[in-house]
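Subject: Structure handover

Hello,

Here is the structure I promised to pass on. Please open it first, then read the notes below alongside it.

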Amino acid sequence: MNLLITRHDKIGDFVTILPLLKIIKSQSNHHITVLVSKVNYELAQSIESIDDVILYTKETGTLVKQIKAKNIDVSISCFIDTHLAWVLFLARIKTRISPATKFAQVFFNRTLKQSRSQSIKTEWQYNIDLLALIDLKVRYDFDKPLLHFSKDTKPADIKTIAFHPGSGGSSEGNLRLDDYLSLARSLSGNDKNQLLFTFGPDDQHSKLYIEKQLDFDAKIINSSNSLLGFCQLLNNVDLLVSTSTGPMHLAGALNIHTLSFFGSSEFASPKRWATVSEASKQSNIQVPADYSADLYQKVELKLTDILQNML
């Protein structure tokens with residue numbers, strides 16, 4: 001069977017379909033094509049659970065033609081909008097699956113009511129649940145990590161801690177830049193700690209601020225080029241400290257330790273957006289917009305605790 005799995009939004013959102021892809025590919029011989037946005041295209045091409053990749057575009061005719069060429073039997077759309085729904089309808093895919101949400105659901109012929117905004121499950125669990133609408137006879141379990149990259153060699157007692165202060169505008173809860181500096185500073189002066197600050201294309205204002213205020217030894221990495229290169233960098237990190245955004249989800253897919261900050265609402269909470277990593281490697285803290293010094297102290301203590309337990 002030829003399957004099309006679509007998730008054409010941001011980096012973290014794409015990562016939430018990786019468990020679904022691995023379940024299908026590791027337990028069946030079905031051919032998997034994914035439809036993704038430009039930012040995820042190169043990464044999707046490198047993933048062993050994916051056979052083919054189609055780049056999402058607003059050029060309706062071109063996209064319909066590309067999908068038709070794949071002779072898709074079933075599409076599973078984990079996030080929908082009207083344009084995507086119309087494209088899949090025009091491509092004449094016989095079975096079109098999606099969550100029962102938004103007006104766009106009328107273009108799909110199998111839908112599942114999930115009420116994702118209630119955050120009863122994580123996003124990646126909601127995606128897996130869509131498999132119930134087709135008879136694949138698979139178990140809903142998968143091995144970790146979901147992404148595989150080579151690791152550089154270094155002494156076992158050296159720990160690399162990366163701080164990613166930016167969010168690209170996609171997170172409700174985050175620490176202030178000065179508090180990221182304070183966290184990193186609390187670990188400085190120890191030659192067993194390698195400290196990094198990483199920044200994406202939308203984080204350049206934060207990068208300039210951190211560079212100006214940096215008064216201890218830490219490397220600044222402007223990861224604005226290849227997403228694959230950033231994954232390779234993350235794979236050599238022992239702990240990522242960040243808000244709930246793309247890098248956090250990539251770190252989760254690599255199954256490395258994360259200390260992550262989430263918004264205070266149910267929708268933005270770790271109940272919905274926790275990573276796909278082992279639970280023991282996740283430390284998730286909800287951060288209100290007007291958080292207090294007490295919350296910062298809680299975060300710093302958690303950071304110290306994580307590193308001590310890694311020794």
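A word on terms before anything else: helices and strands here are DSSP runs, with at least four residues for a helix and at least two for a strand, numbered from the N terminus. Also keep in mind that this is a predicted model.

**One residue to begin with**

Start with Thr-243, which lies in strand 10. Is Thr-243 buried or exposed? Buried means under 20% relative accessible area. Thr-243 has 0% relative accessibility, so it counts as buried. Its contacts, leaving aside neighbours within four places in sequence, are His-164, Gly-166, Ser-167, Ser-171, Gly-173, Asn-174, Tyr-180, Met-248 and Phe-261.

The rest of strand 10 follows suit: five of its five residues are buried. Leu-239, Val-241 and Thr-243 point one way. Leu-240 and Ser-242 point the other way. In a regular strand the side chains alternate between the two faces of the sheet.

**The sheet around strand 10**

Strand 10 belongs to an open sheet of six strands, in the order 9-8-7-10-11-12. The pairing is parallel. Strand 9 (219–222) and strand 12 (282–286) stand at the edges. Each has a single partner strand, so one side of each is left without a neighbour in the sheet. Neighbouring strands are turned by 20° against each other on average, direction ignored.

Now the pairings:

- Strand 7 and strand 8 run parallel and are joined by five bridges. Ile-161 has Leu-195 in strand 8 as its bridge partner.
- Strand 7 and strand 10 run parallel too, with four bridges between them. Here His-164 is partnered by Ser-242 in strand 10.
- Strand 10 and strand 11 (residues 257–262) run parallel and share five bridges. Ser-242 has Ser-260 in strand 11 as its bridge partner.

Helix 9 packs on this sheet. It touches strand 7, strand 8, strand 9 and strand 10 (239–243). Its direction makes about 160° with that of strand 8.

**The other sheet**

Six strands form another open sheet, in the order 3-2-1-4-5-6, again with parallel pairing. Which strands stand at its edges? They are strand 3 (52–55) and strand 6 (110–112), and each pairs on one side only. The twist averages 20° from one strand to the next. Strand 5 (residues 95–99) and strand 6 pair over three bridges in the parallel sense. Ser-98 stands opposite Thr-111 in strand 6.

Two helices to look at here:

- Helix 2 (residues 18–27) packs on the sheet and touches strand 1 (2–7), strand 2 (31–36) and strand 4 (74–77). Its direction makes about 165° with that of strand 2.
- Helix 4 (residues 60–69) packs on the sheet as well, touching strand 1, strand 2 and strand 3. Its direction makes about 165° with that of strand 3.

**Helix 2 up close**

How many of the 10 residues of helix 2 are buried? Seven are, so to speak of helix 2 as mostly covered is fair under the cut-off of 20%. The buried ones are Leu-18, Pro-19, Leu-20, Leu-21, Lys-22, Ile-23 and Ile-24. Their cover includes strand 1, helix 1 (11–15), strand 2, strand 4, helix 6 (123–129) and helix 10 (246–253).

**Helix 3 against helix 9**

Helix 3 (residues 38–45) and helix 9 (residues 227–234) pack at an angle of about 60°. Their axes are 8 Å apart. From helix 3 come Val-39, Asn-40, Glu-42 and Leu-43; from helix 9, Leu-227, Leu-228 and Cys-231. By class, this contact has five nonpolar, one polar and one charged residues.

**Empty space**

The structure holds one cavity of 30 Å³ or more. The largest cavity has about 50 Å³ of space. Leu-18, Lys-22, Ile-47, Glu-48, Ser-49, Leu-146 and His-148 line it. That lining has three nonpolar, two polar and two charged residues.

The second largest pocket has a volume of about 410 Å³. Its lining takes in 25 residues; Lys-151, Asn-235, Asn-236, Val-237 and Asp-238 lie nearest its centre. Strand 7 (159–164) and strand 8 (193–199) are the elements that give two or more residues to this lining. By class, the lining has 11 nonpolar, eight polar and six charged residues.

Best wishes

Methods: Residues are numbered from 1 along each chain as its sequence is written. This is a predicted model: local features need pLDDT of at least 70, side-chain atom pairs count only at pLDDT 80 or more; totals for chains, interfaces and linings use all residues. Side-chain values use heavy atoms; hydrogens and water are left out. Two strands pair if DSSP finds at least two bridges between them. Axes are lines fitted to C-alpha atoms, for helices over the stretch in contact, and angles run from 0 to 180 degrees between N-to-C directions. Contact means heavy atoms within 4.5 Å. Ala, Val, Leu, Ile, Met, Phe, Trp, Tyr, Cys and Pro count as nonpolar, Asp, Glu, Lys and Arg as charged, and the others, Gly among them, as polar. On a 1 Å grid over the protein atoms alone, a cavity is a set of points where a 1.4 Å probe fits but cannot get out, and a pocket is an open set with protein on both sides within 12 Å along at least five of seven lines; lining residues have an atom within 4 Å of a point. Grid points are joined across faces, edges and corners, and a volume is the space filled by probe spheres set on the points. Buried means under 20% relative accessible area, exposed over 50%, partly exposed in between (1.4 Å probe, protein chains only).
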